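Here are some notes for a colleague who is opening this structure for the first time. They take up enclosed spaces, strands and cores in turn.

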Amino acid sequence: MSRARRVLVVGIDGVRLDTLRRVPTPHLDAVADAGFLAPVTVGEDTPTMSGPCWATVVTGVRVTKHAVWSNDFSGHRLGVFPDFATRLARQDGRRTYVAAAWEPLVTVADGGPMFRRPTRLTHHAPAADTPAAWEEADTSTVRDAVAVLTHEDPEASFVYLGAPDETAHHLGCGDAYEASVQAADRRLGDLLAALRARPGYGNEAWTVLVVTDHGHRDEGGHGGDSPAEHTAWLACAGPDITAGARPVRPVRHEDVAAQVYAALDRTPDSHWTLDGREVPTVPRGVLLDMDGTLVDTEPLWLEASRAVAAAHGHHLTEEEGASVLGRTCADTAVGLAELCPEPTTVAGLETELEDTFLAAVETGVELRPGARALLDRLEREALPAALVSASPRRVVDTVLRTVGGEAFRTTVADGESDRSKPFPDPYLKAAARLGLPPEACLAVEDSPTGVAAAEAAGCRVLAVPSAAPIAPAPGRRVRTDLTALLREWGPEESG
């Protein structure tokens, strides 16, 4: 059963990127380490104020469309370009939740609310416009959010923390501001713990986004054009993002809502005219299957299996043929021994399979669409890559002599790990040889057997089915061929 997709967005107002690099924020660091942390430059035409920036974040459109030009929202177009929580609730019937202390986000104050109609709402206005009162309001907001996130089931949530921004306004970006940022990080930790405490957490796939709206001048103000004010950031982790991934293009505020929709597997309608897009990323390492993924050898393997079975009195059915895809010679030999009526041994069948398959491969193999371009790019960009195959070493080496193995820092063939696919051992070994955790690697596979092995190892998966169908799932994208991956990565870096 596929895990249920869920999204939590935590908006922390007015946190400078250089402050994050200076003060301890272990919970935000954990999100960044599990995915990415990227700078965001506030749009050129967008005032560096909370209203315009948060409207861009939650609607996925720029200020010229949502028309929130200041912290007074009067004249906005949020009915035409609603926030993601409202859009998901009203158009898709999904359960959404918003928790915030700043009144225009959730009440009619100053032309609000920005969040028009989420399914559920929490609001704790600060008792006074002081840093201490804002800290208390954030504490109350998170307390209620923890209860909702633990015991209820919102599919998409937004929790706003405003104390760091207010502290900077009153006291500048000094010690008190840094302490407020650390307090916000502890509250983020409480929210993340609430997710883990959910009764159904093990069957859920959570994407977490943490974002700020703008920076601050040293003395605490914002609204101007300085780099300190225009620099924001986004941290994002989820089942579809490898740990330590690198965004392939600059990240923008309008991408946040698009990332929410992507995390929920919701394709935006074209008439929404979103300006944001899902953030494409490049993993720290790539683990490539060979047969059927890199080279078109699956038909050769199937024919070899059929020929060996026929030589021993059995004609493989279509279902039996599909079951050998992605399997080793040894595993396939065990299966054939049970099917073939003529007396034989597993060892004998294994040798026949390997010899027959190798003979077919030696006549020549064709690369799958996009494989040559992918191998060349891996080599040019020195992106750590490994070949992980269920074929015997002499078959792997024969293929590599044909296509070239310069892109691979290591290769793992059948028999070179304790267990073969569908067990995770080959992928665990390949990742270890690259010096990377499996969750930092993208595994590229064509068969259900290989996908099972990669996912059991903890890798994110790109599936390019060659013979047997593969369904998408959290942590598993399905594309028609390898060219799709290259398109997602975008142009190569210059220089």
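1. A cavity, as the word is used here, is a set of grid points where a 1.4 Å probe fits but cannot get out, and a residue counts as lining it when one of its atoms lies within 4 Å of a point. The model is predicted, and a search of the whole structure finds three cavities of 30 Å³ or more.

2. The second largest cavity has a volume of about 60 Å³, and its lining is made up of Ile12, Val15, Leu20, Thr25, Leu28, Val181, Ala184, Asp185, Leu188, Val210 and Trp233. Helix 9, which covers residues 175–196, supplies the largest share of that lining, with four residues.

3. Strand 7 (residues 231–237) deserves a careful look, because six of its seven residues are buried, so that this strand is largely enclosed by the rest of the structure. Strand 2 (residues 36–41) runs antiparallel to strand 7 and is joined to it by six bridges, while strand 6 (residues 204–211), also antiparallel to strand 7, is joined to it by four bridges. Cys236 of strand 7 can serve as a landmark for both pairings, since Phe36 stands opposite Cys236, and Leu209 has Cys236 as its bridge partner.

4. The largest nonpolar core has 48 residues, and those with the most contacts inside it are Val9, Phe84 and Phe158. Helix 11 (residues 255–263) gives the most to this core, contributing five residues. Which residues does Val9 touch, leaving aside those up to four places away in sequence? Val9 touches Phe84, Ser157, Phe158, Val159, Leu209, Val211, Val256 and Val260, and Leu209 in this list is also the residue whose bridge partner in strand 7 is Cys236.

5. A second core, separate from the largest nonpolar core, has 47 residues, including Leu302, Ala304, Leu353 and Leu400.

6. An open sheet is formed by six strands with parallel pairing, and their order is 12-11-10-13-14-15. Strand 12 (410–412) and strand 15 (476–478) are the edge strands, each of them pairing on one side only. On average, neighbouring strands of this sheet are turned by 20° against each other, with direction ignored.

7. At one end of this order, strand 11 (residues 385–388) is joined to the edge strand 12 by three bridges, and the two strands run parallel. A single residue pair helps to locate this pairing in the model: Ala386 has Thr410 of strand 12 as its bridge partner.

Key:
Residues numbered from 1 in each chain as written. Predicted model: local features only at pLDDT ≥ 70, side-chain atom pairs only at ≥ 80, totals over all residues. Heavy atoms only, no water. Core = buried A, V, L, I, M, F, W, Y, C linked by side-chain atoms within 4.5 Å. Buried < 20%, exposed > 50% of the residue type's maximum accessible area, 1.4 Å probe, protein only. Contact = heavy atoms within 4.5 Å. Pairing = 2+ DSSP bridges. Axes fitted to C-alpha atoms, helices over the stretch in contact; angles between N-to-C directions. 1 Å grid on protein atoms, 1.4 Å probe; cavity = no way out; pocket = protein on both sides within 12 Å on 5 of 7 lines; lining within 4 Å. Points joined across faces, edges and corners; volume = space filled by probe spheres on them.
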